[in-house]
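Me: I am new to this structure and should be grateful for a close look at a single part of it, the largest cavity. Please set out what surrounds that space, and then place it beside some other parts of the model.

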Amino acid sequence: MAIRGDGAVVISAPGNTSGLPELMIVDGQNGQLLGQQPSIPASSYQLSNGSWVNGYSPIGPPIVDSNGSIYVEYEVDQIAYPPQVTSATLYLMQIADDQYNTVTTTQLSSTSSNEHLFPGRIVPDGQGGVLATWVIAPSSGPIPTNPYQAAYVVSGSLTASYALPFTPTNFVLGPDGLPIKPTLILGDNGTVFATDGTSSGDSTNGEGPKIVAFALASGTLDWFYQAQSIQTTLGLVAAATNTGLAAKSTSNGVDTVLSFDSSGNVTPSSWTGTDVSNFGGNYWLGYSATGGANYNATPVELSSSPFYGSDGNGGNAAVQDISVQSFSQTGSNQTTITNVLQEIKTALPSYGACNSWLNNGSQQNNLSGVSYIGQMLQSNTYGHGTIYVGTNIRYDIWAFSGATNPDHTMISGLPTNGGISMVVNDVAGFFNATANGGAYYLGPRNYPGDSLRAQAMVLIHEVAHQLPVPGFQADNNNNKAEKANNKMVDINCRQLIEALQ
Amino acid sequence: MTKLLGVVLLLCLALVVSTDYVAASDDVTLNDKDINVVHFEAMSYPQLARVAHVQGVVVIRVSLDSEGKVEKAMAISGREELIPDCLANAKKWKFKPNRLKMAILVYSFTLPPVDCGSVTSFFTLQGVNVASITGCPFVATPTRSHSM
């Protein structure tokens, strides 16, 4: 299942026996099919009497790219009787977000060797290309040396095809009876991380599963890590900045976090837990002997790749250009921003945790948080206006720092000679308790819109970005990073925020 | 009439000479050969200017002591957001002593549209006195609310 930006839900149901299509795109609000949709071609099955009938085609999990395109793999088979795969052809279908007017099908592989080409996972590269993977599964006999395959497809053309660097000696089957497919995420600089995390044996040395890093465009192996025991399983947590990776190994139900650098050098965590997951930054959740637990350890600064997490999270996945209309540095809204900044600046020396947290961030620039805010006030580097993303007014964006978009274009609507470090949205929660028909709240304490607490939290959040405070992550369109950032503000500056009058 | 004209011409000539003399004492021309950097300090792109995408040139005049150390720095031109860091940086430089006991430093700040990874700026000294500081653009970071 995948969800498109407009709320449409994309569902693939292998071997759907309920009479519904194998691929469905439904309205997220009411579950109704959204228009006449492309269908997955049927496979052919021979009956014992020699006649042929149409049947389902194996289909893989769908994804939605940042531009709204849906991608899904399917395998069209011809199965003779007695059961034998006489031909199998694997396709990648791309459905553009244009009312199904543009559907592109790319053949990824084919075989007539009595084997399946089971659809695998798909990873978007964030620039219109995808890495599509599959599994070669013989109907009988030993499995191939490299059963996991991949193709890099750009604009409907297959530009590279290669074997994923795993050499399992057998398949581990999932609940559906099919081989469990490697999980993949995309890191910085076109590096893909993958793991066959539950593999029960590898022909390299007969030991446990692997984590591998390889180049998206060519498949060239950068490094691999192998568990020392087949009782150990591996999982990917998230791609990190500077081509790093956070993963975890699990032995006897106990997780250890593994931090890899760009060369594959690994640092295991000094702490362990059960079913641990990264909330964001250095906050981890899991279970201990006494129940739910949280850990403050092993920070993960997320990669800005469009698919940094195996749950489909992506940093810049859906980033579009920001623009500002009716930009101004005057009026009552400007006075409000100035007053809140001034209150924070005045209060900071009395709140050591918040003050030193901001000062940590500014050490590299020889600035204190107080002096930085002072510079903002003195040089008047802030203003307000209506914030757009693409052509839509964004009521959920309270403010932003910076003057350039991720693609390095200048944010339109601001002075062309620069000088603006922060813009607050006139129509969002900073100045309004309700916006666009709904009430808005900010941060883990749910500070309501148009409250001094919410205003202070926004401005401290933005100043932390600007300094920048270590561990404060780029959270442009990245909910996970933004939650972690707001938690950092809350932990360090809650007392100050809630003391303001 | 001719004598009167001669007197006026003499007065004008005297005025011109006098003006030249005053100008020479206040606004001397400092040749490149007079500026010899013995020690310079690299500097980062001023953070607020980087975030606010402020680019431009800052010109600083420094007064030197007899050993070539900077005694005083003064901004001649430049953007408000860039000047304080330039003044602080200029005071850390050292020059070969010169006859005028002064030097000029030119700081050039640019933010080309490129990815720099974790690096935020680069510093290079070009020619005798041009400090080039190339910054990496600060990408916008929106703060968003949530519905309850």
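**The largest cavity and its surroundings**

Reply: The lining of the largest cavity is made up of A:Tyr71, A:Leu92, A:Gln94, A:Thr104, A:Thr106, A:Gly128, A:Val130, A:Val153, A:Val154, A:Ser155 and A:Gly156. Three elements of chain A each give two or more residues to this lining: β8 (84-95), β9 (103-111) and β12 (148-154). The model in which this space is found is a predicted one.

As to chemical character, the lining residues comprise five that are nonpolar and six that are polar, while none is charged. Glycine is counted among the polar residues, so A:Gly128 and A:Gly156, both in the lining, belong to that group. The space within the largest cavity amounts to about 50 Å³. With a threshold of 30 Å³ or more, the structure contains one cavity.

Other parts of chain A may now be set beside this space. Near the start of the numbering, β1, β2 and β3 of chain A form an open sheet of three strands, in that order, with antiparallel pairing. Its edges are β1 (2-3) and β3 (23-26) of chain A, each of which pairs on one side only. Between β1(A) and β2(A), the latter spanning residues 9-12, the antiparallel pairing runs over two bridges. Within this pairing, A:Ala2 lies opposite A:Val10 of β2(A).

Chain A also contains a helix, α4, which covers residues 452-466. Its 15 residues reach 21 Å from the first C-alpha to the last, close to the 21 Å expected at 1.5 Å a residue. Helix α4(A) is mostly covered, with 13 of its 15 residues buried. A residue is called buried here when its relative accessible area is under 20%.

Chain B offers a further sheet for study. This open sheet has five strands in the order β3-β2-β5-β7-β6 (chain B), and its pairing is mixed. The strands at its edges are β3 (70-77) and β6 (121-126) of chain B, each pairing on one side only. On average, neighbouring strands of this sheet are turned by 25 degrees against each other, direction ignored. At the β6 edge, β6(B) pairs with strand β7 (residues 130-135) of chain B in the antiparallel sense, over six bridges. In that pairing, B:Thr124 has B:Ser132 of β7(B) as its bridge partner.

To return to the part requested, the largest cavity holds about 50 Å³ of space, and its lining includes A:Tyr71 and A:Leu92.

Technical notes
Residues numbered from 1 in each chain as written. Chains lettered and ligands numbered in written order. Predicted model: local features only at pLDDT ≥ 70, side-chain atom pairs only at ≥ 80, totals over all residues. Heavy atoms only, no water. 1 Å grid on protein atoms, 1.4 Å probe; cavity = no way out; pocket = protein on both sides within 12 Å on 5 of 7 lines; lining within 4 Å. Points joined across faces, edges and corners; volume = space filled by probe spheres on them. Helix = DSSP H or I, 4+ residues; strand = E, 2+ residues; numbered from the N terminus. Pairing = 2+ DSSP bridges. Axes fitted to C-alpha atoms, helices over the stretch in contact; angles between N-to-C directions. Expected span 1.5 Å × (residues − 1). Buried < 20%, exposed > 50% of the residue type's maximum accessible area, 1.4 Å probe, protein only.
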